[in-house]
Amino acid sequence: MNTGAAPRALKSHLAKVFAQYPIEVAHGDGVWLYARDGRKILDFYGGHAVAGLGYGHPRWLAALSAQARQMSFQTNALPMVIRERAAARLVKFAGLGLDTVFWVNSGAEANENALKLAFKITGRRKAVALEQGWHGRTAAAAAVTWGALEKWYGFPRTPFDVSFTPRDDPAAVERSVDRETAAVIVEPIQGVGGAYDVGKPMLQALRRRCDEVGAILIFDEVQCGMGRTGAPFGANYYGVTPDIITAAKALGNGFPVSALLLSPRVAAQIKYDDMGTTFGGGPIACAVAEAVIDAIESESLLANVRQVSTYIRANCVIGPVTGVQGAGFLLGLKTSRPAKEVQAALLQKDILTGTSGDPKVLRLLPAYILNEGHVDQLHDALATISA
């Protein structure tokens, strides 16, 4: 019987591990989020860099639906054309000569496998990562994440030795990376670290030193890859090719999928059972990854990212914003006051942005379909917020 009373809120059975923004999302369309209270919110956060095509993209929906009807899942013990076709498409999209793909499910899992391969191939015991870097919450990925051991690591010990090198000092690379180093892992543009552009000189120094000592260079492009810089990967953007790239987030546009792209040197040393996965390379995951690449290429989204990113830099240094760092649609707006305050003020004006590990950097991770009109709305909102 309908009594007219408001429905009672459900008791939550979710683990309380996430700080959440004060909006409840009902649905999304393009770059817009629609909240249950009726608000229409312009999304510059993109599901934390996942929704590269935005919400409800027709190519993505069609690929997911068609593959779900045809074959929703199958073990890797049975070959499927969709896996091979999606891998070929990813290799061609990257255009870096990294011609072998291993499909998995998440960025952390991709980084975990990349590190394991480096240790197995080199037989060494140490990894090097950059200060302020973030690579995931699993045992190996968290071990190379800056600050994890002191804040939330949780395991009794790391699985290998780790040293951290400054993110802005190419001269320090030679001291940090030695002949005991199995792997160097780096985000070409740090995400959690504040949309920080590590830069070509630093990446070149890492590549050169890895070649000198025989270490494996891993680019963690979970956040900055798959078109977010306005190039296929950060490796393309900077003109520095690693031995392994890890990709996730925008690769599936919301469907869980990640991948390792491996150089011939690395791929030649892999044997049966060196890696494994149940859900990695699932047919739906591969179908949506293929659809994402198809949309990026056929809709000229890389060019759009470059154009609109330039427009953001030219128009959004206003109000509390003093500068812009990063590249493409992984941008950090440097703020004169705490970024969380600016974020809260923008959300009151129905614009969602992100923060970062830097308390004075507001992070923008929008969908690649964002246009200059959307940026104008951000500009106008920032102009009303005091510095």
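Trainee: Which residues on the other side of helix H2 are exposed?

Mentor: This is a predicted model, and in it helix H2 covers residues 58-70. Trp-60, Ala-63 and Gln-67 of H2 are buried, and these buried residues fall within an arc of 65° when seen down the helix axis, so they line one face of the helix. On the other side of H2, the exposed residues are Pro-58 and Arg-69.

Trainee: What covers the buried residues of H2?

Mentor: The residues to be covered in H2 are Trp-60, Ala-63 and Gln-67, which are buried. Among the elements that cover them are two other helices, one at residues 81-94 and one at 283-298. Their names are H3 and H11.

Trainee: How far apart are the end C-alpha atoms of H2, and what span should its 13 residues have?

Mentor: With 1.5 Å a residue, the expected span of the 13 residues of H2 is 18 Å. The distance between the end C-alpha atoms agrees with that expectation, for it is also 18 Å.

Trainee: Is Arg-209 buried or exposed?

Mentor: Arg-209 is found in helix H8, which covers residues 200-213, and leaving aside residues up to four places away in sequence, it touches Val-173, Glu-174, Val-177 and Asp-178. Its relative accessibility is 15%, and the cut-off for a buried residue is under 20%. Arg-209 therefore counts as buried.

Trainee: Why is strand E12 described as largely enclosed by the rest of the structure?

Mentor: In E12, Ser-258, Leu-260 and Leu-262 point one way, while Ala-259 and Leu-261 point the other way, and all of them are buried. Strand E12 is therefore largely enclosed because the number of its residues that are buried is five of the five.

Trainee: Which strand pairs with E12 over five bridges, and which over four?

Mentor: Strands of a sheet pair through backbone hydrogen bonds, either parallel or antiparallel. The strand at residues 100-104 pairs with E12 in the antiparallel sense over five bridges, and there Trp-103 stands opposite Ala-259. The strand at residues 244-247 also pairs with E12 in the antiparallel sense, over four bridges, with Thr-246 as the bridge partner of Leu-260. The partner over five bridges is E4, and the partner over four is E11.

Trainee: Which are the edge strands of the open sheet of four strands?

Mentor: The order of this open sheet is E1-E2-E3-E15, and its pairing is mixed. Within it, E2 (residues 32-35) and E3 (residues 40-43) run antiparallel and are joined by three bridges, with Tyr-34 standing opposite Lys-40. An edge strand pairs on one side only, and the two that do so here are E1 (25-29) and E15 (351-352).

Trainee: What radius of gyration does the protein have, and what would a compact globule have?

Mentor: The protein has 14 helices and 16 strands, and its C-alpha trace spans about 65 × 50 × 45 Å along the principal axes. With 387 residues, a compact globule would have a radius of gyration near 21 Å. The value for the protein agrees with this, as it is 21 Å.

Trainee: How much of the protein is made up of buried residues?

Mentor: The protein exposes about 17300 Å², of which carbon and sulfur atoms supply 53%, but that percentage describes exposed area and not residues. Counted over the 387 residues of the protein, the share that is buried is 53%.

Key:
Residues numbered from 1 in each chain as written. Predicted model: local features only at pLDDT ≥ 70, side-chain atom pairs only at ≥ 80, totals over all residues. Heavy atoms only, no water. Buried < 20%, exposed > 50% of the residue type's maximum accessible area, 1.4 Å probe, protein only. Pairing = 2+ DSSP bridges. Expected span 1.5 Å × (residues − 1). Arc of directions from axis to C-beta. Contact = heavy atoms within 4.5 Å. Rg over C-alpha atoms; globule rule 2.2 N^0.38 Å. Areas by Shrake-Rupley, 256 points an atom, 1.4 Å probe, with all protein chains shown as cover.
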